[in-house]
Each structure stands twice: as structure tokens, then as C-alpha cells.
Amino acid sequence: MANYPLIKMNTEGTLLRPQHSYYSDEYATNWCDLFLADCILADSKGKLHKYYRLHAKQDHTMEMAFGYDIHCPDCKSAMLKPISAPINYNELGLYRCPVCDKK
Ligand SMILES: [Zn+2]
């Protein structure tokens, strides 16, 4: 599992670019305002997909959680698409990359 700290790219703080890191889950949770954690999940046909979970240090409402545009950590060009709702105020939506996930 890898964690990707997110850097804000615009003044509103809604456009996010992931950075590569060797942060542990604990370190990322304590020190990053926003980060992505990758997770591999199998679909109903048993095919494996790489998804990303958005984590936030500050509490986020549903509206805030879906207000971000996040670049894909792998291809860096495509924007991630949310595929599930937040779990709670700090563990936010699950995202997939429409480009990388097609390979
Ligand atoms: Zn991608």
C-alpha cells in the first residue's frame, strides 16, 4: 500500500496533485491534511482494480468531500472519478482512474 500526500494547486484548494511518498499510514494520517491511499479490490468477476481512498485530517462534509479535482497518482494526466460515498468525516470517497483502470 502506498500513501500519496496531496498538494493544493489552486487558491480555492480544490485542485489536488498527488506526491509520491514512503509515509506509513500512521504518519500520513497524523501529518497530511489530505492524502490518497491506494487499495486493490476485486470486482464481481474477480478482476483486480486499483482504487484510491481520499483521507482528510479536518472533518469534511459530503459537499466538501466531493468538491475536489484530483489528478491520478499513476498517469498524472487523468482526473480521478469518485465511485463511492465517504465512510465518515475523515475517510472520504473511493476513486478510480478512468485511464489506468482500463489497462
Ligand atoms: Zn491514471
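Start by selecting Lys 76, which counts as exposed because it has 10 C-beta neighbours inside 10 Å, and a residue with 12 or fewer is called exposed. You will find Lys 76 in the loop between β5 and β6. Keep in mind that you are looking at a predicted model. Now check the backbone: what sign does the phi of Lys 76 have? Lys 76 has a positive phi of about 65°, although it is not a glycine. Most residues other than glycine have a negative phi.

**Stop 1: the whole chain**

Zoom out and colour by secondary structure. You should see two helices and seven strands. Walk from the N terminus and the elements come in the order β-β-α-β-β-α-β-β-β. The C-alpha atoms fill a box of roughly 40 × 30 × 25 Å, taken along the principal axes. For 103 residues, a compact globule would have a radius of gyration near 13 Å, and the protein agrees with its 13 Å. Of those 103 residues, 24% count as buried. Among contacts between residues at least 6 apart in sequence, 46% join residues at least 24 apart.

**Stop 2: the sheet**

Next, show the strands alone. In what order do the seven strands of the open sheet lie? Their order is β5-β2-β1-β3-β4-β7-β6, and the pairing is mixed. Select 69–70 for β5 and 81–84 for β6: these two stand at the edges with a single partner strand each, so one side of each is left without a neighbour in the sheet.

**Stop 3: from β5 across to β1**

Stay at the β5 edge. β5 pairs with β2 in the parallel sense, over two bridges. Pick Leu 16 in β2 and look across to its bridge partner in β5, Ile 70.

Now highlight all of β2, residues 15–18. In a regular strand the side chains alternate between the two faces of the sheet. Which residues of β2 are on its covered face, and which on its uncovered one? Leu 16 and Pro 18 form the covered face, whereas Leu 15 and Arg 17 form the uncovered one.

On to β1: the β1–β2 pair is antiparallel and has three bridges. Select Ile 7 to see it standing opposite Arg 17 in β2. The hairpin of these two strands has six residues between them, and there Gly 13 takes a positive phi near 75°.

**Stop 4: β1, β3 and β4**

Select residues 3–8 for β1 and 34–42 for β3; the two run antiparallel and are joined by three bridges. Pro 5 stands opposite Phe 35 in β3.

Add β4, residues 48–56, which pairs with β3 over nine bridges, again in the antiparallel sense. Here you can click on Ala 37 and find Arg 53 of β4 opposite. The hairpin of β3 and β4 has five residues between the strands, with Gly 46 taking a positive phi near 85°.

**Stop 5: the nonpolar core**

Switch on the side chains. In soluble globular proteins, nonpolar side chains tend to be buried together. The largest nonpolar core here has 16 residues, and Leu 6, Phe 35, Leu 36, Leu 54, Ile 70 and Leu 80 touch the most other members. At least two residues of this core come from each of β1, β3, β4 and β7 (91–96). Which strand gives the most to the core? It is β3, with three residues.

Centre the view on Leu 54. Leaving out residues up to four places away in sequence, Leu 54 touches Leu 34, Leu 36, Leu 92, Gly 93 and Tyr 95.

**Stop 6: Ala 65 in helix α2**

Finish by selecting residues 62–65, helix α2, and then Ala 65 within it. Is Ala 65 buried, exposed or partly exposed? Ala 65 has 18 other C-beta atoms within 10 Å, and being buried takes 20 or more, so Ala 65 is partly exposed. Show what Ala 65 touches beyond four places away in sequence: His 60, Pro 86, Leu 92 and Gly 93. As a last try with the distance tool, go from Ala 65 to His 55; they are ten residues apart in sequence and 9.5 Å apart in space, C-alpha to C-alpha.

Methods:
Residues numbered from 1 in each chain as written. Predicted model: local features only at pLDDT ≥ 70, side-chain atom pairs only at ≥ 80, totals over all residues. Pairing = 2+ DSSP bridges. Helix = DSSP H or I, 4+ residues; strand = E, 2+ residues; numbered from the N terminus. Contact = placed C-beta atoms within 7 Å. Core = buried A, V, L, I, M, F, W, Y, C linked by C-beta atoms within 7 Å. Rg over C-alpha atoms; globule rule 2.2 N^0.38 Å.
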